[in-house]
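Grab the model and work through these short exercises with me. Try each task before you read the solution under it.

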Amino acid sequence: MAAIDGLPPLREVIKTHDLVAKKQLGQNFLLDLNLTAKIARAAGDLTGSDVLEVGPGPGGLTRGLLAEGARRVLAVEKDPRCLPALAEIAAAYPGRLEVVNEDALKLDAAALLTPPIRIVANLPYNVGTELLIRWLTPAVWPPFWESLTLMFQKEVAERIVAKPRTEHYGRLALLAQWRCDARIVLVLPPEAFTPAPKVHSAVVHLTRLAEPRYPADEAVLGRITAMAFNQRRKMLRSSLKAIGPDIEEKLRAAGIEPTARAEEISLEKFCALAREVAG
């Protein structure tokens, strides 16, 4: 990668700019440019696409995205210490990298991008799940993005792709799989990062669907799944009793046994229940 863009190795960049990762910002830098290029390729053909990257740090993944042909990268970095390193990358790729020193949770990134748009990021651990949920729950579907290629702690990644009757199955799996195809495309050990986290990491690729997989009102589905999984060890007739006195009837109409528990129920049946509840 350094030979392609003429920029120095990332360890040298970190040393030059004194970029010690900050725990309070959820930073863990990925310094292997072969791996960052692999993550960029996992996002698919970037040619002709704008890419949103959150938390670029010293710019390893940024360099991968640009080298793999992204039309333009919008890199949102909260830590001002990283800006000089990112400016060097912008100079090496004239007109193709815009760096915004902002909190990604407060930025309307869609207004700064031109479709088609892909989101690719080694997300800061402390905001990763919140950002994912925001991207999955826009006011209008389909959203502004075509795909998400995101790195999380491995356990979070497993929650996104989990199936019923498995340890990690829950609301995050339902939310992601209702509107997207989701799969884990890469697993990375702690030693791939600086500093090394205590857990493995994984990259998840989510491709949006034109419409939700099954019809359901988002607010009703959200309410039902929140109630069901907040008391996941209880039978559904108990965890959902606040919905109304006829909950057992509605469960049966949706093809669900009232004595079943949340982790046993498929997305399709949760959506059927949401339709029953909505009337």
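Asp18 makes a good warm-up: it sits in the loop between helix 2 and strand 1. Keep in mind throughout that this is a predicted model.

**Exercise 1. Backbone oddities**

Find out what sets the phi of Asp18 apart, then locate the cis peptide bonds that lead into Pro142 and Pro195.

*Solution.*
- Step 1: Check phi at Asp18. The angle is positive, about 55°, although Asp18 is not a glycine.
- Step 2: Move on to Pro142. The bond that joins Trp141 to Pro142 is cis, and its omega is near 5°. To place Pro142, look in the loop that runs between helix 6 (128–136) and strand 6 (147–153).
- Step 3: Do likewise for Pro195. Going from Thr194 to Pro195, the peptide bond is cis with omega near -10°. Pro195 belongs to the loop between strand 8 (193–194) and strand 9 (201–208).

**Exercise 2. The enclosed space**

How many cavities of 30 Å³ or more does the structure hold, and which residues line the largest cavity?

*Solution.*
- Step 1: Count. There is 1 cavity of 30 Å³ or more, and the volume of the largest cavity is about 40 Å³.
- Step 2: List the wall. Going along the chain, the lining is made of Leu7, Leu10, Val13, Pro58, Arg63, Ala85, Glu88 and Ile89.
- Step 3: Assign the wall to elements. Helix 2 (10–17) and helix 5 (83–92) supply at least two lining residues each. Helix 5 has the largest share, with 3 residues.
- Step 4: Sort by class. You should get 6 nonpolar residues, 2 charged ones and no polar ones.

**Exercise 3. The open space**

Describe the largest pocket: its volume, its lining and the residues nearest its centre.

*Solution.*
- Step 1: Start with volume. The largest pocket offers about 430 Å³ of space.
- Step 2: Look at its walls. A set of 31 residues lines the largest pocket, and Val54, Gly55, Glu77, Asn122 and Pro124 lie nearest the centre.
- Step 3: Trace the elements. Strand 1 (29–30), strand 2 (50–54) and helix 4 (60–67) are the ones that give two or more residues to this lining.
- Step 4: Sort by class. The lining of the largest pocket splits into 15 nonpolar, 10 polar and 6 charged residues.

**Exercise 4. Where the domains meet**

Work out how domain 1 and domain 2 touch: how many residues are in contact, how much area is buried, and which side chains form the salt bridge?

*Solution.*
- Step 1: Set the bounds. The domain assignment puts domain 1 at 10–208 and domain 2 at 218–278. Their C-alpha centres are 34 Å apart.
- Step 2: Count contacts. On the domain 1 side 12 residues take part, against 15 residues of domain 2.
- Step 3: Get the area. Accessible area lost when parts come together is often used to give the size of an interface. Here, about 1,100 Å² is buried between the two domains, with carbon and sulfur atoms giving 62% of that.
- Step 4: Look for charge pairing. The count between the domains is 1 salt bridge. Pick out Glu218 and Arg179: their side chains meet in a salt bridge, 3.2 Å from N to O. Arg179 falls within the 10–208 range of domain 1, while Glu218 falls within the 218–278 range of domain 2.

Key. Residues numbered from 1 in each chain as written. Predicted model: local features only at pLDDT ≥ 70, side-chain atom pairs only at ≥ 80, totals over all residues. Heavy atoms only, no water. 1 Å grid on protein atoms, 1.4 Å probe; cavity = no way out; pocket = protein on both sides within 12 Å on 5 of 7 lines; lining within 4 Å. Points joined across faces, edges and corners; volume = space filled by probe spheres on them. Helix = DSSP H or I, 4+ residues; strand = E, 2+ residues; numbered from the N terminus. Nonpolar A, V, L, I, M, F, W, Y, C, P; charged D, E, K, R; others polar. Domains from an automatic or database assignment. Contact = heavy atoms within 4.5 Å. Buried area = accessible area lost by both parts, 1.4 Å probe. Salt bridge = Lys/Arg side-chain N within 4 Å of Asp/Glu carboxyl O.
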